Amino acid sequence: MQNLKLLKAIVERKNRMRGRQGGDEGQTVFEYLGIIVIIALIIAAIIGSGLAAAIAGAITQQLANITN
């Protein structure tokens with residue numbers, strides 16, 4: 001029973017401390033924004049290098065092979 005009370009006190013204290021810090025929610029938004037920017041840069045690099053056309057051509061060829 002003592003262990004449960006101690007565990008409950010620790011969890012409550014952590015929850016109170018988390019509420020005081022406050023800046024964590026905004027940090028997550030910026031992390032997601034950073035990931036989106038990186039993905040957009042990768043897609044732009046693929047399209048700009050002409051690799052997208054090569055991939056599309058290979059997929060089209062394989063689909064033609066399957067349907068024949």
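Which backbone oxygen does the side chain of threonine 67 reach? In this predicted model, the side chain of threonine 67 comes to 3.1 Å from the backbone oxygen of alanine 64. Threonine 67 belongs to helix 3. The residue is exposed, because its relative accessible area of 65% lies above the 50% cut-off.

The protein chain contains three helices and zero strands, and its elements follow the order α-α-α from the N terminus. Helix 1 covers residues 2–21, helix 2 covers residues 24–49, and helix 3 covers residues 51–67. Confidence was assessed for the chain and for its elements. The mean pLDDT of the protein chain is 82, and 85% of the residues reach a score of at least 70. Helix 1 has the lowest confidence, with a mean of 75, whereas helix 3 has the highest, with a mean of 91. Where pLDDT is low, the predicted coordinates should not be read in detail.

Solvent exposure was examined next. Of the 68 residues in the protein chain, 0% are buried. The accessible surface of the protein chain amounts to about 6,300 Å², and 68% of this area is supplied by carbon and sulfur atoms.

A nonpolar patch of about 760 Å² is present on the surface. The residues that make the patch are Ile38, Ile42, Ile46, Leu51, Ile55, Ile59, Leu63 and Ile66. Helix 2 and helix 3 are the elements that each give two or more residues to the patch. Helix 3 provides the largest share, five residues. Helix 3 is also the element with the highest mean confidence in the protein chain.

One of the patch residues, Ile59, is located in helix 3. Ile59 has a relative accessible area of 49% and is therefore partly exposed rather than exposed, since the latter class requires a value over 50%. Threonine 67, in helix 3, has a value of 65% and falls in the exposed class.

Note on methods. Residues are numbered from 1 along each chain as its sequence is written. This is a predicted model: local features need pLDDT of at least 70, side-chain atom pairs count only at pLDDT 80 or more; totals for chains, interfaces and linings use all residues. Side-chain values use heavy atoms; hydrogens and water are left out. pLDDT is the predictor's confidence in each residue, from 0 to 100. Helices (H or I, at least four residues) and strands (E, at least two) are DSSP runs, numbered from the N terminus. Patches are made of residues with over 30% relative accessible area and no salt bridge: like charges are joined within 9 Å, nonpolar side chains (Val, Leu, Ile, Met, Phe, Trp, Tyr) within 5 Å. Accessible areas come from the Shrake-Rupley method with a 1.4 Å probe; for residues, only the protein chains shown count as cover. A salt bridge is a side-chain nitrogen of Lys or Arg within 4 Å of a carboxyl oxygen of Asp or Glu. Buried means under 20% relative accessible area, exposed over 50%, partly exposed in between (1.4 Å probe, protein chains only). A polar contact is a pair of N or O atoms within 3.5 Å; within protein, one must be able to donate a hydrogen and the other to accept it, and residues adjacent in sequence count only if both atoms are side-chain atoms.
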